[in-house]
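I opened the file to look up a few things and kept notes as I went. The entries follow in the order of looking.

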There are 2 protein chains.
Amino acid sequence: MRISTKGRYALRMLVDLAEHKNDGFIALKDIAKRQNISKKYLEQIVPVFNKSHILQTNRGFQGGYRLAVEPNKCTVGEVIRLTEGSLSPLACIDDENEVHCDRSADCATLYVWQGLKKVVTDYLDSVTLQDIIDKKHESYANDYVI
Amino acid sequence: MRISTKGRYALRMLVDLAEHKNDGFIALKDIAKRQNISKKYLEQIVPVFNKSHILQTNRGFQGGYRLAVEPNKCTVGEVIRLTEGSLSPLACIDDENEVHCDRSADCATLYVWQGLKKVVTDYLDSVTLQDIIDKKHESYANDYVI
DNA sequence: CTATACTCTACTATTATACTAGACTTTTAA
DNA sequence: TTAAAAGTCTAGTATAATAGTAGAGTATAG
């Protein structure tokens with residue numbers, strides 16, 4: 001039940017871009033440095049967000065990436081689905097809730113996993129990039145008060 | 001974000017034992033046959049439930065396993081924690097919610113994963129073996145009516 | 001035209017997963 | 001008392017996923 005490094009890096013990259021959304025195009029090397037993530041690895045993660053039009057790209061000198069959506073419109077669920085392929089805890093229930101298993105009719109435990117998928121999906125789809133940024137500043141404020 | 005085969009098999013085994021809890025000791029080969037799971041693989045899964053006193057064992061002729069707890073006292077969360085080691089979606093937050101990561105103070109996304117762990121844990125700890133059996137019979141009833 | 005940055009494909013080391021194999025121990029019934 | 005049935009324990013192994021690295025190629029601002 002682990003979220004892969006790929007998914008977590010993707011989220012951190014998008015949060016970073018959301019925080020710098022007014023700074024024009026951000027080079028991957030800057031994100032890599034700030035987040036302490038391999039730039040080469042990020043290069044492999046980025047295409048899926050380009051293709052799904054979550055990121056805009058500028059190539060060449062002073063190029064980079066920029067969020068193409070509002071931070072409060074992009075959910076963690078979306079990010080993890082794109083990097084991880086699915087939020088389903090089993091191969092036998094895919095994203096359309098279709099069942100792919102001979103035993104499914106007889107499978108007593110299937111409903112447990114369908115329920116698990118639902119709580120995971122509901123939660124991750126309820127958190128946006130903006131929420132993460134807000135929470136971060138809230139924490140800083142708390143630190144300051146304390 | 002997948003539940004491993006090991007965890008799913010364990011749950012099916014325990015549900016099977018719960019359904020046959022009045023039939024004395026059940027041999028692994030019977031469970032393996034009914035559930036269509038490799039008996040040899042089940043042998044590797046079983047020890048953790050013996051050690052945690054969820055199962056009772058009888059060796060030798062006509063030996064087998066029997067639930068040592070009431071089906072309504074054994075949750076899916078317990079089963080998955082025992083087979084999977086943890087319900088945490090990241091290595092950096094373990095079962096005591098302790099944080100193991102240099103970046104944690106600065107990690108904007110940490111709270112997302114802590115929240116994910118909570119919804120997963122709350123859900124899985126809310127479903128018992130008995131719930132699964134009840135649901136199964138409910139489905140059968142529905143099938144019959146339809 | 002050159003430095004900078006994105007793009008694309010291929011390769012690789014490590015780890016986890018999902019098993020299989022076989023020797024050994026225990027129990028019971030004939 | 002012994003053979004068969006069952007659990008126990010350790011080791012091995014094939015496959016796939018993960019988490020990267022490497023390098024050649026393309027686009028663009030200045």
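**Entry 1: terms and conventions.** I count a polar contact as a pair of N or O atoms within 3.5 Å; within protein, one must be able to donate a hydrogen and the other to accept it, and residues adjacent in sequence count only if both atoms are side-chain atoms. This is a predicted model, in which local features need pLDDT of at least 70 and side-chain atom pairs count only at pLDDT 80 or more, while totals for chains, interfaces and linings use all residues. Residues are numbered from 1 along each chain as its sequence is written, chains are lettered from A and ligands numbered from 1 in the order in which they are written, and side-chain values use heavy atoms, with hydrogens and water left out.

**Entry 2: DNA strand C.** I looked up the residues near this strand (one heavy atom within 4 Å of it). DNA strand C is surrounded by 28 residues, and the closest are Leu28(A), Gln44(A), Tyr65(A), Thr5(B) and Lys40(B). Of the strand's atoms that come within 4 Å of the protein, sugar and phosphate account for 67%.

I then went through the polar contacts. Thr5(B) places a polar side-chain atom 2.5 Å from a phosphate oxygen of DNA strand C. The side chain of Gln44(A) has an N or O atom 2.8 Å from a base nitrogen of the strand. Gly60(B) uses a backbone N or O atom, which lies 3.4 Å from a base oxygen of DNA strand C.

Next I listed the elements that give two or more residues to this surface: α2, α3, β1 (55–58) and β2 (64–67) of chain A, together with α1 and α3 (39–45) of chain B. Helices (H or I, at least four residues) and strands (E, at least two) are DSSP runs, numbered from the N terminus. The largest share near DNA strand C is four residues, from α3(B).

**Entry 3: DNA strand D.** I repeated the search here. DNA strand D has 29 residues around it, the closest being Thr5(A), Ser38(A), Lys40(A), Lys29(B) and Tyr65(B). Sugar or phosphate makes up 64% of its atoms within 4 Å of the protein, and bases make up the rest.

For Lys40(A), I find a polar side-chain atom 2.4 Å from a base oxygen of DNA strand D. Lys29(B) has a side-chain N or O atom 2.4 Å from a phosphate oxygen of the strand. Gln62(A) also faces a phosphate oxygen of DNA strand D, with a polar side-chain atom at 3.5 Å.

The elements giving two or more residues to this surface are α1 and α3 of chain A, with α2 (28–35), α3, β1 (55–58) and β2 (64–67) of chain B. Which element gives the largest share near DNA strand D? I find that α3(A) does, with four residues.

**Entry 4: the two copies.** I superposed the chains by least squares on the C-alpha atoms of residues with pLDDT of at least 70 in both. Chain B falls on chain A after a rotation of 180 degrees with 0.0 Å of shift along the axis, at an RMSD of 0.0 Å. The two copies are thus related as by a two-fold rotation axis. In chain B, Met1(B) has the C-alpha nearest the axis, at 2.3 Å. As for contacts (heavy atoms within 4.5 Å), 100% of the contact residues of chain B recur in chain A, and the same surface serves both copies.

**Entry 5: salt bridges.** My criterion was a side-chain nitrogen of Lys or Arg within 4 Å of a carboxyl oxygen of Asp or Glu. The whole structure gives 14 salt bridges over all chains.

I looked at Arg34(A) and Asp16(A), whose closest N and O atoms are 2.8 Å apart. Arg34(A) lies in helix α2 (residues 28–35) and Asp16(A) in helix α1 (residues 5–19) of chain A, so the pair ties together parts 18 residues apart in sequence. I classed accessibility as buried under 20% relative accessible area, exposed over 50% and partly exposed in between (1.4 Å probe, protein chains only). Arg34(A) is partly exposed at 38%, whereas Asp16(A) is buried at 2%.

Glu19(A) and Lys136(A) form a salt bridge at 3.0 Å, N to O. Glu19(A) is in helix α1 and Lys136(A) in helix α7 (residues 129–145) of chain A, so this pair ties together parts 117 residues apart in sequence.

Lys40(A) also forms a salt bridge with Glu43(A), at 3.5 Å, N to O. Lys39(A), Lys40(A) and Glu43(A) are linked in a network of salt bridges.
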